[in-house]
Amino acid sequence: MNVVEFKKKSNSEKGHSSRNKSRLLKDALFGAFMGVGGVSVIGAILLIFFYLGYVVIPLFAPAKVEFSTGFNIDPNTKILASSIDEYSEVIFSVHTDGSLVFSSVSGKNSLLKEFVAGKKTLENKITAVSSGDPESRVMVIGTENGEAYLLKPNYEISYPKDVRKITPSIVYPAGKLPLKIDKSNQPILKISGQFTDENGAIASVTSDNRLLVTYISASSSFLSDELDISYETVEVANIINPVSSLELDVNQRTLVLVTSDGVMSMYDVAFKENIELIDRVSVVSGKGKVTDMTFLSSGLSIIVGSSSGAISQWASVRDINNIYSIEKIRDFDPMPGAVLKIAAEHYRKGFGVLDANRNLSIYHATANEQVALINNVGINPVNLTFCPRSKNLQINHDNSKVSLYAIKNEHPEISLNALWGKVWYESRQEPEYIWQSSAANSDFEPKFSLTPLVFGTFKATIYSLLFAAPLAIFGAVYTAYFMAPAMRRVVKPTIEIMEALPTVILGFLAGLWFAPFVEKNLSGFFLSILTIPLSTILMALIWPKMPKVIKQTFPEGWESLLLIPVICVAIWFALMLGVEIEARFFGGNLPHWLNINYDIGYDQRNSLVVGIAIGFAVIPTIFSISEDAVYGVPRSLTNGSLALGATPWQTVYRVILLTASPGIFSACMIGMGRAVGETMIVLMATGNTPIMDMNIFEGFRALSANIAVEMPESAVGSTHYRILFLAALFLFLVTFVVNTISEIVRQRLRVKYANL
């Protein structure tokens with residue numbers, strides 16, 4: 001080898017070496033880039049998961065109740081009833097000597113003290129005191145000579161020098177003069193009253209066991225600030241057994257009393273001319289006695305506590321004949337000791353319970369859970385009251401001591417049963433799955449059952465896949481195996497382009513055009529489901545007998561073009577025939593006929609419309625992946641099958657479908673994921689009613705659509721807001737689990753049919 005050849009070889013080796021180094025560097029950079037990309041995707045998914053969990057976890061945080069402060073208001077008298085302002089800064093209390101005292105929580109001193117009706121001393125002894133609706137803050141006082149007073153604490157708030165100042169006072173909505181409840185001057189043993197919008201009512205039981213209801217009307221004089229008061233007392237009944245509890249609801253329509261033998265009687269007292277007994281039922285078992293009861297904030301149901309510690313919720317329930325009866329809605333975890341006092345929260349369905357063993361427990365009715373239990377709340381507890389914002393709770397003791405407890409209980413209405421189980425809500429006839437997150441009134445009981453939303457999500461998925469999967473898979477098989485290559489090069493990209501069509505367009509067309517069209521031509525629509533395959537089969541039978549000119553015009557692989565006008569004619573024929581059939585047999589209106597004869601409801605924007613609309617959005621995904629899987633089957637397998645005597649269709653379902661099954665299965669799973677998460681079509685093409693009905697003519701509400709509709713309206717950090725995030729987390733987990741299972745199945749199918 002001479003010097004020149006050696007130099008050329010050396011330069012060549014150097015060139016190869018530099019190119020190898022360049023390729024290795026590019027490979028290393030590309031590998032690092034792909035690795036960073038893959039890790040970033042996984043990291044993004046984990047961040048989404050952790051953020052959703054971060055928002056959702058507070059829903060299930062336990063309630064915390066801690067002692068805040070305590071002090072004596074007036075050691076010389078006992079507290080009969082009390083309340084606290086919304087800022088938990090001023091306590092109002094009614095005492096046995098008739099004094100009304102406002103006390104500062106921070107200063108632990110008296111801010112204002114006066115006697116009932118502004119008197120220096122109360123002439124007649126107080127025999128009964130009751131607090132009305134917490135929102136109105138009305139209290140009613142009964143005396144030993146059959147008189148009553150209505151009063152409420154008032155708090156004027158000002159901000160001198162940007163510091164909040166509360167100035168308390170007493171307001172008498174029915175005037176300062178006593179109301180003569182009982183003309184017989186019998187002592188009032190039990191009393192309950194309400195007053196709203198210049199109208200009020202007082203229910204009372206006298207010492208001789210007479211049940212009285214007093215109707216009050218107050219109006220302001222045009223000439224002065226004085227009130228014109230008129231009232232009338234109606235004797236309702238004579239009670240045989242002593243009355244242990246008496247409650248009048250906030251709407252002054254329902255009166256409930258329980259006697260010493262545990263029998264609850266409910267009266268309709270809305271009209272004084274027509275007071276009726278609704279129902280009477282025993283609410284305790286065995287030798288137990290009712291020790292206290294109270295209405296929840298709505299006044300629609302009542303909580304009953306007994307001497308055995310049992311706690312239950314009761315309400316009047318209307319049956320199909322519009323007859324009301326008292327029914328037990330639910331039982332709660334019992335208290336360790338006999339129930340002493342029950343107090344309802346102001347605006348939620350929660351309530352607190354004191355027992356004889358000095359235990360304090362907080363419950364929530366809808367969640368049916370005991371959210372907190374505190375032991376040893378002090379000596380001789382006799383009463384408790386929630387502050388309006390439910391952030392503090394006040395306990396009165398027998399020695400006029402007051403104890404305040406701070407409460408952190410942000411989401412008491414959440415439990416597994418409330419989210420996923422049947423719940424007996426107020427004003428309902430039975431336990432149900434209901435999603436209703438808001439209403440116009442403050443007494444509304446939130447209904448956060450996710451079950452109807454999950455049901456709607458899977459309903460949309462099932463109906464859309466029933467429509468899309470067969471069409472997409474059969475179309476993919478035909479396109480990949482039977483269609484002419486030139487035609488395939490046009491059809492496949494065209495269908496794939498459909499995937500880029502905005503779903504809002506599909507939802508718009510489905511809701512505003514397709515839904516009314518289906519309702520108007522329901523018979524023809526179902527006939528077309530029959531005529532389309534029949535026309536296709538008929539065309540297949542006629543094809544061998546077609547003239548050679550037509551066969552030459554549409555050679556092998558192009559026959560499907562001839563089916564297009566045939567299918568159009570079949571659809572037109574079905575629609576025309578459907579009009580005649582509907583007019584002749586169904587009175588011209590099939591939806592109405594189904595409703596009348598078979599009680600099958602029909603909603604114009606229903607599951608049928610949504611299933612087809614989502615199906616059109618899912619078809620391109622399933623078709624594209626399935627077609628690639630079928631087209632990728634080695635030709636050696638199909639040629640070998642044909643060579644052994646199998647027909648083309650035998651080759652399809654015994655060789656091609658089995659070999660391509662992993663890809664087809666993946667296509668269906670990806671299509672299902674697309675259907676599960678679809679939002680705009682569901683939002684625009686269905687009635688968004690969260691009902692649980694598999695009827696194809698009824699609507700539904702899906703999780704994704706519910707999130708899109710209600711998230712802008714929910715307050716950040718509220719229970720509603722976090723439950724919507726819980727729905728998103730559930731969708732995320734379902735998608736993850738389904739994809740994981742589908743990948744496992746796909747790998748097993750690949751291994752099973754790899755040797756074909």
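This passage describes a sheet, a helix and the nonpolar cores of one predicted model. Because the structure is a predicted model, local features are reported at pLDDT of at least 70 and side-chain atom pairs at pLDDT 80 or more, whereas totals for chains, interfaces and linings use all residues. Residues are numbered from 1 along each chain as its sequence is written, and side-chain values rest on heavy atoms, with hydrogens and water left out.

Four strands (DSSP runs of at least two residues, marked E and numbered from the N terminus) form an open sheet in the order E2-E3-E4-E5, with antiparallel pairing, where pairing requires at least two DSSP bridges between two strands. Strands E2 (79–84) and E5 (109–115) lie at the edges, each pairing on one side only. E2 is joined to E3 (residues 90–95) in the antiparallel sense by five bridges, and serine 82 stands opposite serine 93 in E3.

Helix H3 (helices being DSSP runs of H or I, at least four residues) comprises 32 residues, 451–482, and should span 46 Å at 1.5 Å a residue, which agrees with the 45 Å between its end C-alpha atoms; the expected span is 1.5 Å times one less than the number of residues.

The largest nonpolar core (buried Ala, Val, Leu, Ile, Met, Phe, Trp, Tyr and Cys residues joined through side-chain atoms within 4.5 Å, buried meaning under 20% relative accessible area with a 1.4 Å probe, protein chains only) contains 72 residues, of which Leu450, Ile614 and Ile723 touch the most other members. Helix H10 (residues 607–631) supplies the largest share of this core, 13 residues. A second, separate core of 17 residues includes Leu100, Val116, Leu151 and Ile166.

Technical notes. Buried < 20%, exposed > 50% of the residue type's maximum accessible area, 1.4 Å probe, protein only.
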